[in-house]
Amino acid sequence: MAKLVSFLYKLARKANDVEKLSSGSPKKIAKRAKNKVIGKSIMKKIMK
């Protein structure tokens, strides 16, 4: 069950990326990219 939930969360994140890119709005694309970078840096600090 946990693998299924993990897969669905990953799929939702990818779908959100595609949605923002396909919108064509530079503002939305930049915001999504910024949030991904911030999220990854926070996770690196937490996982240490």
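Colleague: Of the 48 residues of the protein, what percentage count as buried?

Modeller: The model is a predicted one. In this protein, 2% of the 48 residues count as buried. The accessible surface comes to about 4,600 Å², and 68% of that surface belongs to carbon and sulfur atoms.

Colleague: How many helices and strands does the protein have?

Modeller: There are two helices and zero strands. Helix α1 covers residues 2–23, and helix α2 covers residues 26–47. Along the principal axes, the C-alpha atoms fill a box of roughly 35 × 25 × 5 Å.

Colleague: I should like to turn to charged side chains. How many salt bridges does a search of the whole structure find?

Modeller: The general idea comes before the case: side chains of opposite charge can pair when their charged atoms come close. A search of the whole structure finds two salt bridges. In one of them, the side chains of D17 and R32 meet, with an N to O distance of 2.7 Å. This pair links distant parts of the chain, since D17 belongs to helix α1 and R32 to helix α2, 15 residues apart.

Colleague: With which residue does K36 form a salt bridge?

Modeller: The partner of K36 is D17, and their closest N and O atoms are 2.9 Å apart. K36 lies in helix α2 and D17 in helix α1, so this salt bridge ties together parts that are 19 residues apart in sequence. Through shared partners, the salt bridges join D17, R32 and K36 into one network.

Colleague: Is D17 buried or exposed?

Modeller: D17 counts as buried because its relative accessibility is 14%, and the cut-off for buried is under 20%. K36, by comparison, is partly exposed, with a relative accessible area of 32%.

Colleague: Which residues is D17 in contact with, leaving aside its neighbours within four places in sequence?

Modeller: With those neighbours set aside, D17 is in contact with R32 and K36. A backbone distance can be read here as well: the C-alpha atoms of D17 and I29 are separated by 8.4 Å, and these residues are twelve apart along the chain.

Colleague: Let us move to the surface. Which residues form the positive surface patch?

Modeller: A patch of this kind takes residues with over 30% relative accessible area and no salt bridge. Here the positive patch is formed by K10, R13, K14, K40, K44, K45 and K48. Helices α1 and α2 each supply at least two residues of this patch.

Colleague: Where is K10 found, and what is its relative accessibility?

Modeller: K10 is found in helix α1. Its relative accessibility is 47%, so K10 counts as partly exposed.

Colleague: Which residues make the nonpolar surface patch?

Modeller: The nonpolar patch is made by M1, L4, V5, F7, L8, Y9 and L11, and its area is about 770 Å². One of these residues, Y9, may serve as an example. Y9 lies in helix α1.

Colleague: Is Y9 buried or exposed?

Modeller: Y9 is exposed because its relative accessible area is 54%, and exposed means over 50%. D17, in the same helix α1, is buried at 14%.

Note on methods:
Residues are numbered from 1 along each chain as its sequence is written. This is a predicted model: local features need pLDDT of at least 70, side-chain atom pairs count only at pLDDT 80 or more; totals for chains, interfaces and linings use all residues. Side-chain values use heavy atoms; hydrogens and water are left out. A salt bridge is a side-chain nitrogen of Lys or Arg within 4 Å of a carboxyl oxygen of Asp or Glu. Helices (H or I, at least four residues) and strands (E, at least two) are DSSP runs, numbered from the N terminus. Buried means under 20% relative accessible area, exposed over 50%, partly exposed in between (1.4 Å probe, protein chains only). Patches are made of residues with over 30% relative accessible area and no salt bridge: like charges are joined within 9 Å, nonpolar side chains (Val, Leu, Ile, Met, Phe, Trp, Tyr) within 5 Å. Accessible areas come from the Shrake-Rupley method with a 1.4 Å probe; for residues, only the protein chains shown count as cover. Lys and Arg count as positive and Asp and Glu as negative; His and the chain ends are not counted. The place of a charge is taken as NZ of Lys, CZ of Arg, CG of Asp or CD of Glu. Contact means heavy atoms within 4.5 Å.
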